[in-house]
Amino acid sequence: LEEIQKDSHYYLSSGGGVTFSGGECLLYPEFVAQLAKKCKVHGIHTAIESAFFVPWENVERVIPFIDLFFADLKIPDSEKHKKFTGQHNELIIENIKKLSKVHKNIILRIPVIPGVNDSDDDIDAFAEIIKTFGKGIKEIELLKYNNLAESKYDIAGKEYTKFAEKAQTNEEMQKLCSAFKEKCNKNCYFA
């Protein structure tokens, strides 16, 4: 908290605050809850970025102290999700569904990966899932594809899977945003 408070003038002037992210910050719910509670006492805005592949109890523990959640929703089909991430997506979807019924400020983040989750069928499947969420979903943020991790894989001696040579165009992303807005009735933007 002492370190965080050093930037309190910046939080006040920018409207920003503290974001807990990762790795996966919700693997440490006690720490996050304790620090977020102290932030709230000092008037500091709190946010969490999470993949939500954690027990619901971990999410539930931090809810009272978090102003904004960024929830990753990567691939709508569970088997395809497992193929690309190593895990099925049912726990993630269930956690976001529960959270969206009790918290009013959630931004869904969807990393758009060419050939993996950007087809018309994928968009339709995302929309069907999003419609099951509660009213807490404020908006959808689509993240353009990038190859920024490629050099990290080289350093680690791991094989990197390149899905495309470059990011989608703004026009392609705007088209996806329009589809999400139409199908989900949620504000959508891309970064």
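**Note on the predicted model**

1. I92 counts as buried, because its relative accessibility is 6% and the cut-off for burial is under 20%. This is a predicted model, and the remarks below should be read with that in mind. The residue I92 sits in helix α6, which covers residues 90-102. Leaving out residues up to four places away in sequence, I92 touches A51, F52, F53, D72 and H81. I92 and W56 are 36 residues apart in sequence, and their C-alpha atoms lie 9.4 Å apart in space.

2. F52, one of the residues that I92 touches, deserves a look at its backbone, since F52 has a positive phi of about 60° although it is not a glycine. The residue F52 belongs to the loop that runs between β2 (45-50) and α4 (56-62). Is F52 buried or exposed? At 0% relative accessibility, F52 counts as buried.

3. N185 also calls for a check of the backbone, as N185 has a positive phi of about 60° and is not a glycine. The loop that holds N185 lies between α9 (170-184) and β6 (187-190). With a relative accessible area of 68%, N185 is exposed, whereas F52 is buried. The C-alpha atoms of N185 and H42 are separated by 36 Å, and the two residues are 143 residues apart along the chain.

4. Where is the cis peptide bond that joins G22 and another residue? The bond joins G22 and G23, with omega at about 5°. The second of these residues, G23, is found in the loop between β1 (17-20) and α3 (29-41). A colleague examining the model may wish to view this peptide together with the positive phi values of F52 and N185.

5. The largest nonpolar core has 47 residues, and those with the most contacts inside this core are L73, L142 and F180. In soluble globular proteins, nonpolar side chains tend to be buried together. For L73, not counting residues up to four places away in sequence, the residues touched are I93, I96, L108, R109, I110, P111, F126, I129, I130 and F133. This list includes I93 and I96, while helix α6, the helix of I92, covers residues 90-102.

6. F190 has its place in strand β6, and with a relative accessible area of 24% F190 is partly exposed. Leaving aside neighbours within four places in sequence, F190 is in contact with L142, K144, N170, M173, Q174 and C177. One of these partners, L142, is named among the residues with the most contacts inside the largest nonpolar core. The C-alpha atoms of F190 and D77, which are 113 residues apart along the chain, are separated by 22 Å.

7. N146 lies in the loop between β5 (137-143) and α8 (150-156), and at 40% relative accessibility N146 counts as partly exposed. The C-alpha atoms of N146 and G16 are separated by 26 Å, with these positions 130 residues apart along the chain given as their distance apart.

8. Turning to the protein as a whole, the secondary structure comes to 9 helices and 6 strands. The protein has a radius of gyration of 18 Å, which agrees with the value near 16 Å that a compact globule of 191 residues would have. Along the principal axes, the C-alpha trace spans about 45 × 40 × 35 Å. Among the contacts with a separation of 6 or more, 67% are accounted for by residues 24 or more positions apart.

9. As for burial and surface, 42% of the 191 residues count as buried, and the accessible surface of the protein comes to about 10,900 Å², of which 51% belongs to carbon and sulfur atoms. The protein has 26 positive and 29 negative side chains, and the centres of these two sets lie 5 Å apart.

Conventions: Residues are numbered from 1 along each chain as its sequence is written. This is a predicted model: local features need pLDDT of at least 70, side-chain atom pairs count only at pLDDT 80 or more; totals for chains, interfaces and linings use all residues. Side-chain values use heavy atoms; hydrogens and water are left out. Helices (H or I, at least four residues) and strands (E, at least two) are DSSP runs, numbered from the N terminus. The radius of gyration is taken over C-alpha atoms; the globule rule is 2.2 Å times the number of residues to the power 0.38. Buried means under 20% relative accessible area, exposed over 50%, partly exposed in between (1.4 Å probe, protein chains only). Contact means heavy atoms within 4.5 Å. Accessible areas come from the Shrake-Rupley method with a 1.4 Å probe; for residues, only the protein chains shown count as cover. Lys and Arg count as positive and Asp and Glu as negative; His and the chain ends are not counted. The place of a charge is taken as NZ of Lys, CZ of Arg, CG of Asp or CD of Glu. A nonpolar core is a set of buried Ala, Val, Leu, Ile, Met, Phe, Trp, Tyr and Cys residues joined through side-chain atoms within 4.5 Å.
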